[in-house]
Each structure stands twice: as C-alpha cells, then as structure tokens.
Amino acid sequence: MKHTVTLIPGDGIGPEVAHAVQRILDASGAGINWEEVSARPEADRRGSAYLNLDVVDSVKRNRVALKGPIATPVAEGPPSLNVGLRKALELYANLRPVKNLAGVKSVAQNVDLIIVRENTEDLYAGLEHTIVPGVVESLKIITEKASTRIAVYAFEYARKHGRKKIAAVHKANIMKQSDGLFLASCRKVAANFPEIEYREVIVDNACMQLVMNPHQFDVLLLTNLYGDIISDLAAGLVGGLGVVPSGNIGAEVAIFEAVHGTAPDIAGKGIANPTALLMSGIMMLDYMGELDAARRVEQALHAVYREGKHLTRDVGGTVSTDEFSNAVIAELSKS
Ligand code: NAI
C-alpha cells in the first residue's frame with residue numbers, strides 16, 4: 001500500500017456511494033490503505049467541538065480524504081459539519097470542474113468550466129444574531145487575505161492547466177466594500193499573470209450568461225455564496241449534481257467529495273449513483289500523483305457511460321449501485 005487515505009462515509013446514501021468508490025479505486029491498483037472514520041458530532045456541543053476531532057486528526061495525518069455527504073438540518077440545530085471541517089482544516093479552495101459526460105443527457109454540450117470558490121468566509125462565517133425579535137443580522141465577512149489566497153490559487157491553477165481566461169464573479173455594484181475588496185484583491189493578483197485574460201462579471205448576469213452561452217467562460221473565481229449557487233447552476237448544464245465532482249483543497253490537506261447531498265429519499269435502497277464521488281476520487285488520485293490509475297478509472301467510467309447499459313436510474317438507467325460499480329470494475333480489468 002502506497003497511500004493511507006481517510007474515508008468519511010457520511011450520512012444517507014453516503015456509505016453506499018463511498019463504499020462503491022472504495023471498491024472501484026481498490027480495483028484500479030492505486031494502492032490505497034483506507035482509514036475509515038465517522039464524522040458524527042462529538043457530545044460536547046461547543047463551536048468547532050461539534051466536529052468529531054478524530055476526523056480532523058485523521059485527515060491531518062493522511063493529508064487526503066474521500067468524503068460522502070453529511071446531512072445538515074435546515075433553519076435549526078448545530079452548524080454544518082461540512083463547513084466546520086473546511087474551516088478546521090483550512091480547506092480554502094473549493095475546486096469544481098464541470099464537464100459533459102458522454103451518455104448523460106444535458107442542456108448544454110461541450111461545457112468545460114473550472115469553478116474556484118472561496119471556502120472559508122463570506123456569509124458562511126455563520127455569524128448571525130437576532131437584533132430584536134423579527135430582525136436578524138447575518139454578517140458577510142470578506143478579507144483581503146482570503147480573497148488574495150483564492151485568487152492566487154485560481155491563477156496558478158489556470159497557469160498550470162493551460163487555462164486562458166478567468167472571470168471574477170461579484171456584486172460590487174451593491175456590496176461596494178465587501179465584494180469591492182474581493183475584486184481589488186483579484187485585480188492585484190491578475191496583474192502578476194498577464195498571459196491569462198481577466199474579466200469581472202456581476203453575479204446575476206453571470207447566471208444568465210452561463211445558461212445562454214457557457215462556452216464564453218473558462219475559469220470562474222467566486223466568493224463562497226456565489227460559488228455555491230453558481231456551481232450547482234453549472235452542474236445543471238451538464239446533467240446535474242450526480243455527475244459533478246469537487247475537491248476542498250488547503251495548503252497541506254485536501255478532501256474530495258461529491259457535490260450532491262445525502263439523498264434521504266433513496267438512502268438504503270441500493271440505487272444511488274456513485275459517479276460524482278467516483279469523479280471526485282479521480283481528482284483525488286490526480287492530487288496524490290496516481291496519474292495512471294486516475295486515467296484508467298476515468299476511461300473505465302467513460303466506457304460504461306458510452307455503452308449505456310449499466311447506468312443508475314437518475315441518469316436514465318435501471319441498475320443498482322453495485323451493478324454499476326461492477327461494470328466499471330469489469331472495464332478496469334480490460335486495461
Ligand atoms: P440531495 O443532493 O441530497 O438530493 C437532491 C435530489 O438528488 C434527490 O432527489 C436525490 O435523490 C437526488 N440525488 C442526489 N445524489 C444522488 C445520487 N448520488 N444518486 C442518485 N440520486 C441522487 O440534496 P438535498 O435533498 O437538498 O440535501 C439532503 C441533505 O444533504 C441535507 O441535509 C443537506 O444539508 C445535505 N448536503 C450535504 C452536502 C455535503 O455533505 N457536501 C452537500 C449538499 C447537501
């Protein structure tokens with residue numbers, strides 16, 4: 001075994017898709033020793049102590065994790081464990097490549113976008129309070145440090161991967177100070193990357209432009225909330241959340257996870273589609289330098305989709321999670 005990777009199965013369909021991906025990656029010969037940990041909250045409910053610290057320690061030790069979705073109650077209960085993990089591990093960049101997968105119906109073709117979302121601040125700082133009954137204040141935190149850090153990540157990513165254009169997405173016409181600071185930080189960084197075309201787009205217009213003509217964009221650089229919303233919009237262009245991966249990347253460690261949630265409506269039925277988590281697993285193999293295994297898994301996945309006989313229901317097929325995984329493993333054994 002060459003690598004130890006933390007496996008966080010998560011809730012709902014999380015364990016079903018996580019174990020399916022684990023089986024496929026094992027068949028790829030990447031040599032992974034899995035350290036499975038639960039992300040269930042700790043008993044002492046204080047701030048980041050909501051997080052099971054074993055998870056944080058395991059990811060810090062292994063530097064790489066594959067994670068299933070974790071449920072977050074709406075409008076009540078403790079803060080999101082997902083957000084807590086990103087903060088505790090300083091996973092400041094959320095990277096979401098959005099591409100068509102041949103064999104999956106989609107509203108747009110030949111989409112090839114890289115979404116880089118700031119992952120640690122903005123309205124996700126979770127700073128909310130009631131001023132008087134009926135009036136709540138929610139604080140949007142934007143710092144020069146985090147804005148510069150995410151801009152540097154996006155430009156360096158673009159340079160390394162031969163991407164030509166970056167569009168920073170904002171609402172600085174209204175939030176002149178916060179989004180203004182984000183833009184000022186992006187502009188300073190852009191000046192150091194003259195070979196990459198830089199432009200700025202207001203977020204509402206960006207949504208419309210993405211639907212009308214996604215091909216005009218290459219890399220999108222966004223603050224946390226706009227990034228969250230726009231990455232789901234972009235996923236919708238290529239067939240939905242079931243076929244889009246993501247990586248939460250920090251200076252030292254990274255967690256790879258699907259963009260979708262726990263799908264409580266289908267949990268336990270054995271019909272969840274592991275594709276998004278498998279694609280995140282491919283990103284993880286690339287991150288670990290297992291480029292050969294990454295390409296083999298990618299080709300096997302594409303072959304199963306091209307053939308179209310072993311697809312799960314959400315993408316128009318009829319097979320179970322296991323049958324889909326077996327088909328990918330059978331393809332892998334051919335390479
Ligand atoms: P969801 O993504 O879980 O489900 C939306 C729809 O997509 C459902 O109909 C579901 O059956 C379907 N779906 C999602 N993933 C699928 C898959 N792999 N295969 C087949 N169908 C799939 O979104 P929802 O219902 O808004 O969220 C449920 C829970 O997940 C919430 O508690 C939310 O907080 C959590 N969540 C966690 C995330 C994470 O851990 N990163 C991300 C998004 C949501």
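This report describes the enclosed cavities, a set of salt bridges and one surface patch of a predicted model.

**Cavities**

The count comes to two cavities of 30 Å³ or more. The largest cavity has a volume of about 40 Å³, and the residues that line it are K165, I166, A167, E197, R199, Q216, F217, D218 and V219. Strand 8, which spans 165–170, and strand 9, which spans 197–202, each contribute at least two residues to this lining, and the largest share, three residues, comes from strand 8. In chemical character, the lining of the largest cavity divides into four nonpolar residues, one polar residue and four charged residues.

The second largest cavity, with a volume of about 30 Å³, is enclosed by a lining made up of K67, N82, L85, R86, L91, N248, I255 and E257. Helix 3 (81–88) and strand 12 (254–258) each supply at least two residues here, with helix 3 giving the largest share, three residues. The lining of the second largest cavity comprises three nonpolar, two polar and three charged residues.

**Salt bridges**

The model holds 20 salt bridges by the count used here, and the table sets out three of them, with the distance between nitrogen and oxygen for each pair.

| Salt bridge | N to O distance | Separation in sequence |
|---|---|---|
| R86 with E257 | 3.0 Å | 171 residues |
| K188 with E144 | 3.4 Å | 44 residues |
| D218 with R163 | 2.8 Å | 55 residues |

R86 and E257, both named in the lining of the second largest cavity, form a salt bridge in which the closest N and O atoms are 3.0 Å apart. This pair links distant parts of the chain, since R86 lies in helix 3 and E257 in strand 12. Both R86 and E257 are buried.

The side chains of K188 and E144 also meet in a salt bridge, at 3.4 Å from N to O. K188 belongs to helix 5 (residues 178–190) and E144 to helix 4 (residues 144–160), so the pair ties together parts that are 44 residues apart in sequence. K188 counts as exposed because its relative accessible area is 56%, whereas E144, at 41% relative accessibility, counts as partly exposed.

D218, one of the residues that line the largest cavity, forms a salt bridge with R163, and the closest N and O atoms of this pair are 2.8 Å apart. The bridge links distant parts of the chain, with D218 in the loop between helix 6 (203–212) and strand 10 (219–222) and R163 in the loop between helix 4 and strand 8. D218 is buried because its relative accessible area is 11%, and R163 is likewise buried, with a relative accessible area of 16%. Elsewhere, salt bridges that share partners join K67, R86 and E257 into one network, and these three residues are also among those that line the second largest cavity.

**A nonpolar surface patch**

On the surface, I131, V132 and V135 form a nonpolar patch, and together they present about 240 Å² of accessible area. Of these residues, V135 lies in strand 7, which covers residues 135–138. With a relative accessible area of 39%, V135 is partly exposed; patch residues must have over 30% relative accessible area.

Note on methods
Residues numbered from 1 in each chain as written. Predicted model: local features only at pLDDT ≥ 70, side-chain atom pairs only at ≥ 80, totals over all residues. Heavy atoms only, no water. Patch = residues over 30% accessible without salt bridge, like charges linked within 9 Å, V, L, I, M, F, W, Y side chains within 5 Å. Areas by Shrake-Rupley, 256 points an atom, 1.4 Å probe, with all protein chains shown as cover. Salt bridge = Lys/Arg side-chain N within 4 Å of Asp/Glu carboxyl O. Helix = DSSP H or I, 4+ residues; strand = E, 2+ residues; numbered from the N terminus. Buried < 20%, exposed > 50% of the residue type's maximum accessible area, 1.4 Å probe, protein only. 1 Å grid on protein atoms, 1.4 Å probe; cavity = no way out; pocket = protein on both sides within 12 Å on 5 of 7 lines; lining within 4 Å. Points joined across faces, edges and corners; volume = space filled by probe spheres on them. Nonpolar A, V, L, I, M, F, W, Y, C, P; charged D, E, K, R; others polar.
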